[in-house]
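User: I'd like to learn how to read a fold like a structural person would. Can you walk me through it?

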Amino acid sequence: MAPPRLLGIVNVTPDSFSDGGRFFSPADAVERAERLIAEGADGLDLGAESTRPGAAPVAVEEEWRRLEPVLRALRASHPDLPLSIDTMKAAVAERALASGATIVNDVTGGGDPKMFEVVAKAGCDYILMHMRGTPATMATMTDYSQGVVAGVRAELHDALARAARAGIAREKLVVDPGLGFAKTAAQSVELLRALPEFVSEFGAVLLGASRKSFIRELDPRRPGPDDRLAGSLAAALLGARAGVAWLRVHDVAETRQALRVWGAGG
Ligand code: HH2
């Protein structure tokens with residue numbers, strides 16, 4: 001089985017939960033991106049609006065102002081690198097696709113009514129993540145009457161059907177169960193356990209477990225996002241065992257090393 005590809009996270013935000021503010025200037029974000037590429041990232045995910053619970057929404061113009069210089073610089077220096085834009089807004093996705101992005105990563109899975117149309121027209125890859133509500137409301141929407149695994153699967157199937165009707169080719173889609181988005185910590189763990197089912201049902205799956213708060217719930221003695229590397233690596237290996245196509249990670253070098261050792265021993 002091929003190991004998962006690594007999508008390195010580059011936040012150009014003042015308030016992301018894990019590394020907020022650290023890479024806020026375009027020059028710092030590019031430097032961070034170059035480091036992740038040197039560490040072996042197979043692609044980068046650029047985000048300029050934090051999705052952490054309660055994060056302040058960002059207007060289209062501000063989001064694009066943050067993203068554009070970083071995207072253009074990376075596209076110029078790495079013409080063939082998969083570059084993903086983590087955005088909930090069709091208007092931002094459209095501008096990014098015209099400026100060299102090749103993947104749209106949409107944590108709302110088509111919440112913006114124009115998103116599928118923009119993606120279908122561009123013919124780009126699309127990461128369709130499951131969530132409910134918005135980052136401001138999602139924490140109150142964790143009631144899944146048939147259980148979280150069945151609920152997320154059913155809602156992903158609905159979103160995939162809408163994407164197909166909008167003209168997005170199935171082979172362009174990567175499905176993500178959305179750990180931490182409208183899920184309690186226990187529900188995120190259930191989804192981790194169900195990853196093999198998701199892979200057999202949906203094909204290409206992306207896992208975003210890096211530094212997420214469910215790790216803190218499993219190990220409360222190490223509470224900060226910076227204390228979650230070991231837990232993130234364990235989750236990455238569970239993803240690899242399940243056959244996910246992509247891991248969205250902050251720590252590329254460490255994840256690559258864990259995958260190498262796991263691959264060598266398995
Ligand atoms: N998680 C975050 C953001 N984008 N995209 C996908 N496809 N899957 C995820 O699990 C996912 C995502 C987490 O949110 P944020 O607060 O922006 O923090 P960070 O980008 O540092 O992970």
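Analyst: Sure, we'll go from the sheet to single residues and then to the ligand. Keep in mind that this is a predicted model.

User: Let's begin with the sheet. In what order do the strands of the open sheet come, and is the pairing parallel or antiparallel?

Analyst: The general idea is that strands of a sheet pair through backbone hydrogen bonds, in either a parallel or an antiparallel way. In this model 8 strands build an open sheet, and the order is β6-β5-β4-β3-β2-β1-β8-β7, with parallel pairing. At the edges sit β6 (173-176) and β7 (206-207), each pairing on one side only.

User: How many bridges join β1 to β8?

Analyst: There are 4 bridges between β1 (residues 5-11) and β8 (residues 246-249), and the two strands run parallel. To find your place on screen, look for R5, which stands opposite W246 in β8. Then look for helix α10 (residues 252-265): it lies across β1 and β8 and runs at about 165° to β1.

User: And what does β2 pair with?

Analyst: β2 pairs with β1 in the parallel sense over 5 bridges, and G8 stands opposite L44 in β2. β2 is also joined to β3 by 4 bridges, again running parallel; there, G47 stands opposite D86 in β3. Together, β2, α2 and β3 make a right-handed β-α-β unit.

User: Which residues of β2 point one way, and which the other?

Analyst: In a regular strand, side chains alternate between the two faces of the sheet. For β2, G43, D45 and G47 point one way while L44 and L46 point the other, and all are buried. Since 5 of the 5 residues of β2 (residues 43-47) are buried, the strand is largely enclosed by the rest of the structure.

User: Now a loop. Where is H78 found, and what does H78 touch?

Analyst: H78 is in the loop between α2 (60-77) and β3 (83-86). Leaving aside residues up to four places away in sequence, H78 touches E34 and I37. With E34 there is also a polar contact of 2.9 Å between the side chains.

User: I keep hearing about odd phi angles. Which residue here has a positive phi although it is not a glycine?

Analyst: As background, most residues other than glycine have a negative phi. One of the exceptions here is A182, with a positive phi of about 60°. A182 is in the loop between β6 and α6 (185-193). R211 also has a positive phi of about 60° without being a glycine, and R211 lies in the loop between β7 and α8 (213-218).

User: Are A182 and R211 buried or exposed?

Analyst: The cut-off to know is that buried means under 20% relative accessible area. A182 has a relative accessible area of 1%, so A182 is buried. R211 is at 9% relative accessibility, so R211 counts as buried too.

User: Last stop, the ligand. Which residues come nearest?

Analyst: Of the 20 residues around the ligand, N11, T51, D176, K212 and R248 come nearest. Next, look at polar side-chain atoms and the ligand's oxygen atoms. For N11, a polar side-chain atom lies 2.7 Å from an oxygen atom of the ligand. For H250, the distance from a polar side-chain atom to a ligand oxygen atom is 2.8 Å. For S50, a polar side-chain atom lies 3.3 Å from an oxygen atom of the ligand.

Terms used: Residues numbered from 1 in each chain as written. Predicted model: local features only at pLDDT ≥ 70, side-chain atom pairs only at ≥ 80, totals over all residues. Heavy atoms only, no water. Polar contact = N/O pair within 3.5 Å; in protein donor to acceptor, adjacent residues only side chain to side chain. Contact = heavy atoms within 4.5 Å. Pairing = 2+ DSSP bridges. Axes fitted to C-alpha atoms, helices over the stretch in contact; angles between N-to-C directions. Buried < 20%, exposed > 50% of the residue type's maximum accessible area, 1.4 Å probe, protein only. Right-handed = clockwise from strand over helix to strand, strands pointing away. Near = heavy atom within 4 Å.
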